[in-house]
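Visitor: Please pick a single part and take me through it slowly. I'd like to see who sits beside whom, and then how that part fits into its surroundings.

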Amino acid sequence: MSHKLTDGGQVLHVGTLARVEGEGGMHLEIHDGHVTQVELRIFEPPRFYEAFLRGRAWTEPPDITARICGICPVAYQFSACMALEDVCGVSVPEAIGTMRRLLYCGEWIESHALHVYLLHAPDFLGYPGAIEMAKDHGPVVERGLRLKKVGNQLMTLVGGRSVHPINVRLGGFYRMPSVAELRGLRPALEQGLEDALETVRLVSTFDFPEMQQPYTYLSLRPASGYPIEAGRVVTTAGGDWDVREWPQHITEHHVAHSNALHATLDGEGPYVVGPLARYTLNHDRLSPLAQQAAAEAGLGTTCRNPFRSIIVRAVELVEVLHEALRIIDGWRDGVPPSVPVPARAGEGFGATEAPRGVLFHRYTLDEAGTILDAQIVPPTSQNQPSIEADLRELAEAWVRLSDHDLSHRCEEAIRNYDPCISCATHFLDLTVERS
Amino acid sequence: MYTSAAHGKPTLAVWKFASCDGCQLTLLNCEDELMALAGAVTIAYFPEATRAVVEGPYDVSLVEGSVTTPEEIERIGRIREMSRLVVTIGACATSGGIQALRNFGDVAEFRSIVYAHPEYLSTLSRSTPISAHVSVDFELRGCPIDKNQLLEVLAASIQGRRPRVPTYSVCVECKRKGVVCVAVAHGTPCLGPVTQAGCGALCPLFARGCYGCFGPQDTPNTSSLADRLLAQGMAHEDVMRIYRTFNAASEPFRQESERQEHALAPTAEGEGP
């Protein structure tokens with residue numbers, strides 16, 4: 001809703017942003033036809049994870065921090081494992097890393113299918129949500145639900161359940177799935193790969209506003225393969241550093257309008273994490289199948305239009321379904337489920353690629369393994385300044401639209417980032433002020 | 001039985017308080033049932049899934065999350081007024097969730113640990129369940145809730161009957177499934193004997209002890225289990241921690257964790273109870 005201000009300015013206020021995970025809003029001020037102020041407001045109440053982790057045992061963060069986000073719990077579990085194993089001087093055997101990658105593929109499939117089909121596609125096809133969209137596009141919604149389901153099946157097989165899996169521990173897993181169990185999922189995953197390729201074809205036909213982002217992109221890049229569960233940090237500004245150097249490069253700021261902390265890179269302002277960053281920095285690491293799908297969808301080796309992130313998510317769906325099948329075909333029984341991770345005093349760092357971007361954890365332990373200090377930098381708080389910068393540019397171009405249309409377009413621009421507000425707190429209601 | 005005259009079908013609303021979104025995601029995870037559900041009820045308010053809003057009142061309100069801000073106390077009051085049935089989904093809404101760990105600490109200190117400008121925040125000193133503020137018709141347990149139990153509760157709500165959700169312990173589920181007892185056979189610490197069933201004995205199936213994410217069963221003997229864990233060599237601090245996770249503020253688990261805490265730090269009168 002909009003109302004006039006006493007100074008002649010105007011405010012547009014939009015209620016809770018729909019089809020995002022968590023609670024937030026947006027505030028726009030427009031004076032003389034120009035956007036003067038943009039704030040993403042994160043209302044998601046603070047839950048104080050970093051505070052109550054102090055005094056807990058070093059073995060507990062994988063289960064506790066999973067509860068930061070029901071959409072990407074595996075990201076929290078694995079970033080926590082990496083950081084705590086780093087403190088304790090343990091590196092897990094390659095096979096355990098591979099099984100982590102497989103579970104993570106399940107989370108990417110579930111999360112990307114949810115975002116592409118249930119949250120984002122209705123914007124492009126002109127529906128308030130997927131359930132309404134199903135009346136005219138039944139087979140499309142059915143395909144999305146089928147993809148989401150196979151992601152959840154993979155998470156349930158490896159992790160025990162899809163929301164807050166119970167099978168992850170420091171050093172590995174409680175129980176390894178067998179070759180027979182994994183092969184049982186093959187037909188559903190093969191169907192999933194077909195569905196993912198069809199998804200790339202579908203979303204490439206959508207209409208996209210023209211926009212080129214100038215921001216620095218940041219992602220992980222492992223020794224081989226597409227970045228998921230590990231890697232060094234690389235940026236489009238030429239940065240290439242170990243996750244242990246994170247605190248020297250990334251600074252978090254607390255701003256008044258948000259319960260999420262804003263992050264900046266090397267003191268130079270906004271940077272972007274997530275599918276666009278991963279794709280642009282790691283196109284050469286995609287499988288030939290995913291590269292071909294991307295090329296047929298009209299994507300180059302880089303992508304700087306945030307509206308086209310839906311195509312990149314679809315290409316990543318192809319990649320992780322292909323990867324899950326590859327891992328399953330190469331799996332052999334007899335891998336011990338975990339290695340011991342005895343406590344050790346010190347500081348450790350871990351980062352993995354959540355579906356919506358890099359998630360960083362840092363812990364300090366005493367010699368008994370009690371947590372003295374914890375720091376968690378979720379993807380949405382890293383993207384928040386860039387989302388605001390996008391909105392400033394877009395709202396300027398859309399300033400003549402009605403408040404109703406303007407707020408819808410701005411919401412769409414926010415959904416480009418697949419923001420997870422539950423994670424970021426430590427996000428949406430839209431207000432526009434005009435004069 | 002419960003039908004809203006305006007729509008001919010019962011109306012469903014989904015509300016979020018302090019939480020991780022995992023329990024409402026469980027509704028979207030009903031991939032095989034979602035379209036049938038959307039046919040049986042009018043999904044009137046569910047911002048995570050659709051921007052379409054049907055004005056209340058609502059027949060069934062599913063509430064996720066705990067109450068942690070002054071604004072949320074007012075909001076849950078308004079939701080109660082416009083809902084025939086209020087059903088809480090998950091550990092946050094039912095017992096305060098993991099964020100209720102603040103109830104055992106100092107929120108002012110918590111704020112300053114996480115935020116550079118604590119003055120920007122509006123938050124309460126305690127995380128409380130929905131039932132601390134309004135009457136609740138049914139509380140569905142779990143961190144996260146179980147998909148099949150959610151479908152049962154929705155079906156029961158529409159049909160106007162009591163949901164068939166067991167209140168016995170995880171041990172019963174283990175025995176039914178023929179899972180070897182991890183506590184007896186392997187000495188693995190397990191909260192199964194005091195935790196409500198519903199997960200399908202998931203952790204023991206994965207060779208892991210139950211960590212209590214469905215909260216206390218009906219009349220749990222938390223002290224007896226604590227004594228056994230101590231006898232097996234766990235420290236008071238560790239026993240305190242295992243009772244103090246996702247259902248830390250549920251009454252039986254809170255009492256037991258505080259008993260362990262007192263044993264850990266003797267009071268002026270000597271050892272704790």
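Guide: What follows is a close look at one small sheet in chain A, moving outwards from there.

Before we start, keep in mind that this is a predicted model: local features need pLDDT of at least 70, side-chain atom pairs count only at pLDDT 80 or more, and totals for chains, interfaces and linings use all residues. As for labels, residues are numbered from 1 along each chain as its sequence is written, while chains are lettered from A and ligands numbered from 1 in the order in which they are written.

Our sheet is an open one with 4 strands, in the order E10-E9-E8-E13 of chain A, and its pairing is mixed. Strands (E, at least two residues) and helices (H or I, at least four) are DSSP runs, numbered from the N terminus. Two strands pair if DSSP finds at least two bridges between them. In a sheet, strands pair through backbone hydrogen bonds, and they can do that in a parallel or an antiparallel way.

Let's walk across. Strand E10 (240-241) and strand E13 (271-272) of chain A are the edges, each pairing on one side only. Start at the E13 end: 2 bridges hold E13(A) to strand E8 (residues 216-221) of chain A in the parallel sense. Look for A:Thr216, which has A:Tyr271 of E13(A) opposite it.

Next step: E8(A) meets E9(A) through 4 bridges, and these two run antiparallel. Here A:Ser219 faces A:Val234 in E9(A). One more step takes us from E9(A) to E10(A), again antiparallel, with 2 bridges. A:Val233 has A:Trp241 in E10(A) as its bridge partner. The two strands form a hairpin with 4 residues between them, and in that hairpin A:Gly238 takes a positive phi near 95 degrees.

Now stay on strand E9 (residues 232-235) of chain A and look at its two faces. A:Val233 and A:Thr235 make up the covered face, while A:Arg232 and A:Val234 make up the uncovered one.

So who is beside A:Val233? One of its neighbours is A:Ala351: the two are on a list of contacts that leaves aside neighbours within four places in sequence. That list for A:Ala351 also includes A:Leu220, A:Ser79, A:Val243, A:Trp246, A:Val358, A:Leu359 and A:Phe360. Being in contact here means that two C-beta atoms, placed from the backbone, lie within 7 Å.

A:Ala351 sits in strand E14 (residues 346-354) of chain A. Is it buried or exposed? It counts as buried because it has 28 C-beta neighbours inside 10 Å. The cut-offs go like this: 20 or more other C-beta atoms within 10 Å of a residue's own means buried, 12 or fewer means exposed, and anything in between is partly exposed, with C-beta atoms placed from the backbone. For a sense of distance, A:Ala351 and A:Met176 are 175 residues apart in sequence and 23 Å apart in space, C-alpha to C-alpha.

Let's zoom out to the whole of chain A. This chain has 15 helices and 17 strands, and 59% of its 435 residues are buried. The largest nonpolar core holds 192 residues, and A:Leu84, A:Ile109 and A:Val315 have the most contacts inside it. Helix H4 (residues 94-125) of chain A gives the largest share of this core, 15 residues. Apart from it there is another core, of 15 residues, including A:Ile30, A:Val38, A:Leu406 and A:Cys410. A nonpolar core, by the way, is a set of buried Ala, Val, Leu, Ile, Met, Phe, Trp, Tyr and Cys residues joined through C-beta atoms within 7 Å.

Go back to A:Val315 for a second. Neighbours within four places in sequence aside, it touches A:Val200, A:Tyr279, A:Ala290, A:Ala293, A:Ala294 and A:Leu299.

Last stop: the place where chain A meets chain B. Each chain puts 48 residues into the contact. On the chain A side, helix H6 (138-159) is among the elements giving two or more residues, and H6(A) has the largest share, 4 residues. By class, that side has 22 nonpolar, 13 polar and 13 charged residues. Nonpolar covers Ala, Val, Leu, Ile, Met, Phe, Trp, Tyr, Cys and Pro; charged covers Asp, Glu, Lys and Arg; the others, Gly among them, are polar.
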